[in-house]
Amino acid sequence: FNAFAPLPYHEALYNIAEHFNLELLGVVSEAYALSRSFGKGDDNLSAVFIDVGGGSTDIAIVHEGALMGTKMFGIGGRTFTKRLAVELNISFREAEKLKLAYTAEQLEPKSKKLISDILQADIEVWLEGIVLAFSEFSQLKELPPKILLIGGGSHLPEIKEALTNRKWYKKLHFPAKPQITFMKPADLPDILDMTKKVHDPQNITPAALVNAAMELAGEESLLQKILRKVIGIMQV
């Protein structure tokens, strides 16, 4: 699996690591780390990862153990927070607190309905983005019907409700109705949480990157040596 990163970004990561006297083991795509960590050793694994982050939604498709590709569009948790801030005429920080209270089931029914109604328009646009992203995987005859949600933005109940109860998948080549579940840290077999604090979907990606770091912690690969040499030449 190959991923592109602009050279200035790569250099910035090395500079940050050097500043803190750390060794940068590698630059790893989140989607690659997830696919490597989940169902490790299962060559028949097929699943879709939907990561609803703060600024974007990232989709990664794994087919028979191989990462087939990723798609991203710019709607995430902050989009919904901004909508609440505008509609309720409150600050972004206040809107974020309100959204978190809503997802944590800490509001009374009347307030919950108000927030849900406000978010519906953006959820419709988000769902259209999901359909468009899936449609770009035209090289696959079938899309995996197993969909795993991760990321802090996935807490919004409207996200899972839209994916579960609407007919968006009818426009795409799924062999059956997709099954929507939240990915759990326990789904990463090589990561053992001794702190008992890693229990949220937003912790999944950092945990997967930890798993990737453990793989990279051994002897430097030939590819890493070549990349390091190329970067050195380009800096001359």
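Of the contacts in the chain (heavy atoms within 4.5 Å) with a separation of 6 or more, 60% are between residues 24 or more positions apart. The model is predicted, so local features need pLDDT of at least 70 and side-chain atom pairs count only at pLDDT 80 or more, while totals for chains, interfaces and linings use all residues. Residues are numbered from 1 along each chain as its sequence is written, and side-chain values use heavy atoms, with hydrogens and water left out.

**Whole chain**

Show the whole chain as a cartoon. It has 8 helices and 5 strands; helices (H or I, at least four residues) and strands (E, at least two) are DSSP runs, numbered from the N terminus. Their order from the N terminus is α-α-β-β-β-α-α-α-β-α-β-α-α. Now switch to the surface. About 14100 Å² of the chain is exposed, and carbon and sulfur atoms supply 56% of that area; accessible areas come from the Shrake-Rupley method with a 1.4 Å probe, and for residues only the protein chains shown count as cover. Of the 236 residues in the chain, 37% are buried. Buried means under 20% relative accessible area, exposed over 50%, and partly exposed in between (1.4 Å probe, protein chains only).

**A nonpolar patch**

Select Leu 13, Ile 16, Phe 20, Leu 22 and Val 27. Together they form a nonpolar patch on the surface with about 500 Å² of accessible area. Patches are made of residues with over 30% relative accessible area and no salt bridge; like charges are joined within 9 Å, and nonpolar side chains (Val, Leu, Ile, Met, Phe, Trp, Tyr) within 5 Å. Within this selection, center on Phe 20, in the loop between helix H1 (7-19) and helix H2 (30-37). Phe 20 counts as exposed because its relative accessibility is 56%.

**Helix H3**

Next, select residues 77-88, which are helix H3. Its 12 residues should span 16 Å at 1.5 Å a residue, and the end C-alpha atoms are 17 Å apart, which agrees; the expected span is 1.5 Å times one less than the number of residues. Which residues of H3 are buried? They are Gly 77, Phe 80, Thr 81, Leu 84 and Ala 85. Seen down the axis of H3, the buried residues fall within an arc of 140 degrees, so they line one face of the helix; the arc is that of the directions from the helix axis to the C-beta atoms. They pack against helix H4 (92-103), helix H5 (109-135) and helix H6 (157-165). On the other side of H3, Lys 82 and Val 86 are exposed. Asn 89 follows H3 and has a positive phi, near 55 degrees.

**Salt bridges**

Side chains of opposite charge can pair when their charged atoms come close. A salt bridge is a side-chain nitrogen of Lys or Arg within 4 Å of a carboxyl oxygen of Asp or Glu, and by this rule the count is 8.

- In helix H4, select Glu 96 and Lys 99, which form a salt bridge (3.4 Å, N to O). They are about one helical turn apart because 3 residues separate their positions in H4. Lys 99 is buried at 8% relative accessible area, while Glu 96 is partly exposed at 24%.
- In helix H5, Lys 113 and Asp 117 form a salt bridge at 2.9 Å, N to O. Lys 113 is exposed at 54% and Asp 117 is partly exposed at 46%.
- Glu 161 and Arg 166 form a salt bridge at 3.7 Å, N to O. Glu 161 is partly exposed, with a relative accessible area of 31%.
- Last, select Arg 83, Glu 87 and Asp 122, joined into one network by salt bridges that share partners.
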